Amino acid sequence: MNRLMTAAVTAMLLGACASEGKEAAKDGARTSEAATAGSGGASTATRDACELITTADLAAEFAPRTFIVDTSGPVPRNRVGKANQNSVTSCTFASTNSSFRDMMTITVMVVTSPSDAAQRTVGQMKTGAMSLGLKAVPVDVAGLGDGAYWVNLGSAQRSSLSINVKQGARRWLTVGESSTGQREAETVTHLTKLAGMALGKL
């Protein structure tokens with residue numbers, strides 16, 4: 001199954017949010033929630049990424065496609081953070097009854113920094129996306145969270161487009177799509193709506 005978009009989004013978020021060394025490459029088993037110790041000992045929890053957007057939500061946005069949770073690859077990252085490590089939960093959906101070429105994948109990821117001091121600004125995240133060397137140009141999205149932008153890390157043959165939303169001091173939500181061809185305006189509209197749904201459940 002094509003993991004291009006998932007890998008690109010993961011690299012951008014985890015690379016830009018924090019320097020996590022070898023631990024950033026390890027995948028944990030899914031739990032009901034991901035939590036991280038915050039400043040002053042408080043905790044910040046978020047729902048499992050597979051609960052933030054449903055297969056029905058995706059079918060409504062991308063009809064006539066239907067979707068399932070993709071479990072064909074490595075176990076989706078769902079890791080409780082530590083004092084110097086992000087909390088991460090992610091989920092990948094794949095369109096059903098599609099050839100490999102025509103398959104659409106949707107990835108939902110929430111990354112929570114371990115403290116306010118470890119937060120990254122929208123500007124820093126945009127710089128991180130541009131530093132990947134893919135000639136990507138982040139574009140601001142109004143009305144989502146405390147700042148949002150979209151970026152396409154794909155190619156003319158296959159998109160790798162994501163909406164990236166900052167929520168509060170420490171949390172980033174990403175909703176990404178990968179499919180054949182380029183339909184940027186249409187895809188941004190769909191992903192913006194899905195990101196709004198996910199934010200309402202965090």
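Two strands pair if DSSP finds at least two bridges between them. Hi everyone, let's keep that rule in mind and walk through this structure together. One thing to say early: this is a predicted model.

Let me begin with the overall picture. The protein chain has five helices and 10 strands. It is 202 residues in length, and buried residues make up 51% of them. About 8800 Å² of the chain is exposed, with carbon and sulfur atoms supplying 56% of that area. And if we take the contacts between residues at least 6 apart in sequence, 62% of them join residues at least 24 apart.

Now to the strands, where our rule comes in. How many bridges join strand E7 to E8? Two bridges do, and the strands run antiparallel. Our rule asks for at least two bridges, so E7 and E8 count as a pair. E7 covers residues 139–140, and its Asp140 stands opposite Tyr149 in E8. On to the next partner: E8 also pairs with E9, again in the antiparallel sense, over five bridges. Here, for example, Ala148 has Val165 in E9 as its bridge partner.

Let's stay with E8 for a moment. Is it enclosed or open? Five of the five residues of E8 are buried, so the strand is largely enclosed by the rest of the structure. You can look at this face by face. On one side sit Ala148, Trp150 and Asn152, on the other Tyr149 and Val151, and all of these are buried.

Next door in E9, which spans residues 161–167, we find Ile163. Why does Ile163 count as buried? Its relative accessible area is 0%, and buried means under 20%, so Ile163 falls in that class. Who surrounds it? Leaving aside its neighbours within four places in sequence, Ile163 is in contact with a set of residues that includes Val141, Leu144, Tyr149, Trp150, Leu173, Val188 and Ala195. As for Val139, it is 24 residues from Ile163 in sequence, and the two C-alpha atoms are 9.5 Å apart in space.

You may have noticed Tyr149 coming up again, so let's turn to the aromatic rings. A pair of aromatic rings is described by the distance of the centres and the angle of the planes. The count here comes to two aromatic pairs. One of them is Tyr149 with Trp172, an edge-to-face pair at 6.3 Å centre to centre, with 70 degrees between the planes. This pair links distant parts of the chain: Tyr149 is in strand E8 and Trp172 in strand E10, 23 residues apart. Tyr149 and Trp172 are both buried.

Now for a covalent link. A disulfide is a covalent bond between the sulfur atoms of two cysteines. The structure holds one disulfide. Cys50 and Cys91 form it, with their sulfur atoms 1.9 Å apart. Cys50 lies in helix H2 and Cys91 in strand E5, so the pair ties together parts that are 41 residues apart in sequence. Which hand does the disulfide have? The torsion about the S-S bond is about 90 degrees, so the disulfide is right-handed. Cys91 counts as buried, at 0% relative accessibility.

Last topic: salt bridges. The structure holds four of them, and I'll show you three.

The side chains of Arg47 and Glu51 meet at 3.3 Å, N to O. Arg47 is partly exposed, with a relative accessible area of 37%, and Glu51 is partly exposed at 36%.

Another salt bridge brings together Lys193 and Glu61, at 3.1 Å, N to O. Lys193 is in helix H5 and Glu61 in helix H3, so this pair ties together parts that are 132 residues apart in sequence. Lys193 is partly exposed at 47% relative accessibility, whereas Glu61 is buried at 11%.

The remaining example takes us back to Asp140, whose side chain meets that of Lys126 at 2.3 Å, N to O. Lys126 lies in helix H4 and Asp140 in strand E7, 14 residues apart. Is each of these buried or exposed? Lys126 counts as buried, at 18% relative accessibility, while Asp140 counts as exposed, at 53%.

So if you open the structure afterwards, try starting at Asp140: from there you can go to Lys126 through the salt bridge, or across to Tyr149 in E8. Thanks for listening!

Definitions and conventions: Residues are numbered from 1 along each chain as its sequence is written. This is a predicted model: local features need pLDDT of at least 70, side-chain atom pairs count only at pLDDT 80 or more; totals for chains, interfaces and linings use all residues. Side-chain values use heavy atoms; hydrogens and water are left out. Helices (H or I, at least four residues) and strands (E, at least two) are DSSP runs, numbered from the N terminus. Buried means under 20% relative accessible area, exposed over 50%, partly exposed in between (1.4 Å probe, protein chains only). Contact means heavy atoms within 4.5 Å. Rings of Phe, Tyr and Trp (its six-membered ring) pair if their centres lie within 6.5 Å; planes under 30 degrees apart count as stacked, over 60 as edge-to-face and the rest as tilted. Accessible areas come from the Shrake-Rupley method with a 1.4 Å probe; for residues, only the protein chains shown count as cover. A disulfide is a pair of cysteine sulfur atoms within 2.5 Å. A salt bridge is a side-chain nitrogen of Lys or Arg within 4 Å of a carboxyl oxygen of Asp or Glu.
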